[in-house]
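Biologist: Mind walking me through this one? I'd like to hear the reasoning, not just the answers.

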There are 2 protein chains.
Amino acid sequence: MTLSEEDYIKIIYHLGKGDLGSVSTNSIAERMETKPSSVTDMIKKLSEKGLVNYKKYQGVTLSEYGLKTALSIVRKHRLWEVFLVEKLEFSWDEVHEVAEQLEHIKSEKLVDMLDKHLGFPQIDPHGDPIPSKDGEFKKSIKRLLNEVPIGKEGICVGVKDSSPPFLKFLDKNKIALGDSISVIDKEEFDGSLHIKIREVDIHISDQIASNLYLRIIE
Amino acid sequence: MTLSEEDYIKIIYHLGKGDLGSVSTNSIAERMETKPSSVTDMIKKLSEKGLVNYKKYQGVTLSEYGLKTALSIVRKHRLWEVFLVEKLEFSWDEVHEVAEQLEHIKSEKLVDMLDKHLGFPQIDPHGDPIPSKDGEFKKSIKRLLNEVPIGKEGICVGVKDSSPPFLKFLDKNKIALGDSISVIDKEEFDGSLHIKIREVDIHISDQIASNLYLRIIE
DNA sequence: ACAAATTTTTAGCTTTGCCTAAATTTTAAT
DNA sequence: ATTAAAATTTAGGCAAAGCTAAAAATTTGT
């Protein structure tokens, strides 16, 4: 697979996930930042290679083989994102561009060992689930922190209240988008939470917890 | 810079280091596993871009700019090799192919943070020195372990005695090619050494030490 | 239903990096 | 000093992946 073929497969995967039907030539062109005519050319090639199902003027869908390929690329992309954030101190919003390059590195051992090195993460810094080696993956859902079950881990993906005092609080406590948070325990008395973030335990009020969104694995 | 251009620059750098004069078209072709005519084409392009000095039929040398570029690629290659061995448990001889791909990833921050993550290593798993960010680097030399000064660190790069009993000893003590070894102390009485390898201290006889080659930074 | 608008495909051309075959230059041998 | 051998370059082509312009198919609006 060439680099370009991989990009197309990944984009067809992402576009096809939302929709129910097949993916249009124009939508692919837009995402690839290329012209529809170029897309037609590539689709033909992918079709010949058995990666997509294609009928003229009808758009494309991934074949089973194409889907497997797409998931392997997504897996690599998300594992590298975790690596960049957890090991190299990249922030949440800096990782995409670099992961976009790293996802094309070809070495099965590299991916497996990276996975192991990272402790087999299930979720990336944007809260998206990481496909397993054989292409399975969990669905993720967005929940307010105070609704996350005890013991669960999630990624901080947003705030409900975006007032300066709240944001300042988050900043002071070093809670940022992309951070991984686990719920250790909940106080029955006031609904306050004990959470673990960056290997430290902190205690936060229900008020805080009900204004922070996490993305967790179901 | 395209991927291919980077490969040429790196190869010209490596070929030019040994020789005194300029690098021949044929030698580049051999290393690139391509034809001399293709090399000529590429050399012209590199020359136009100011990366090499070229006169027809006279071979090429790197320009100052070309050298800087080459060193940056070598730096990335060797840092990734350290990463693969130290963090992902790759062995000495498995890293090259993967590093060959990783060296082309474009992100200055990635390289800087990787360097930091690895503790600013000066030497790669083959014992070759890693250029600093601004392209300087130390010379490395090969020494028998018993001749390495106390306090120095080096990479195990070979054995003098390759008899089964010796190799078995190395295996039992988990000493392998590519391992980083530091000399902690030397006993005056029998010349035996205290060394640190993989974060553990062990004690070895002078006999052993005088049959193991390390590559150290001068 | 059917013309207009939109989407998709085709045809033909460009660039990059490679190739083969032939021409040219340099090097080596007698 | 010539000539044979080896190295290098030129010329002309090919495949991948893109582009523009024009043709064809589909969808939409009334």
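Modeller: Sure. Helices here are DSSP runs of H or I with at least four residues, numbered from the N terminus. Keep in mind that this is a predicted model.

Biologist: Which helix supplies the largest share of the surface near DNA strand D?

Modeller: Helices of both chains are involved: α1 and α3 of chain A, plus α2 and α3 of chain B, each give at least two residues. The largest share is five residues, and the helix behind it is α3(A).

Biologist: What percentage of the atoms of DNA strand D within 4 Å of the protein belong to sugar or phosphate?

Modeller: Some side chains do come up to phosphate oxygens of strand D: an N or O atom of Ser4(A) sits 3.2 Å from one, and for Thr25(B) the distance is 3.0 Å. Bases make up the rest of those strand D atoms, and the sugar or phosphate part is 77%.

Biologist: How are the two copies related?

Modeller: Chain B goes onto chain A with an RMSD of 0.1 Å, using a turn of 180° and a shift of 0.1 Å along the axis. The copies are thus related as by a two-fold rotation axis.

Biologist: And which C-alpha of chain B is nearest the axis?

Modeller: Look 3.8 Å from the axis. The C-alpha you'll find there is that of Leu102(B).

Biologist: Is α4(B) largely enclosed or not, and how many of its residues are buried?

Modeller: Buried means under 20% relative accessible area. By that cut-off α4(B) is largely enclosed by the rest of the structure, because the buried count among its 23 residues is 17.

Definitions and conventions:
Residues are numbered from 1 along each chain as its sequence is written. Chains are lettered from A and ligands numbered from 1 in the order in which they are written. This is a predicted model: local features need pLDDT of at least 70, side-chain atom pairs count only at pLDDT 80 or more; totals for chains, interfaces and linings use all residues. Side-chain values use heavy atoms; hydrogens and water are left out. Copies are superposed by least squares on the C-alpha atoms of residues with pLDDT of at least 70 in both. Buried means under 20% relative accessible area, exposed over 50%, partly exposed in between (1.4 Å probe, protein chains only). A residue is near a molecule or strand if one of its heavy atoms lies within 4 Å of it. A polar contact is a pair of N or O atoms within 3.5 Å; within protein, one must be able to donate a hydrogen and the other to accept it, and residues adjacent in sequence count only if both atoms are side-chain atoms.
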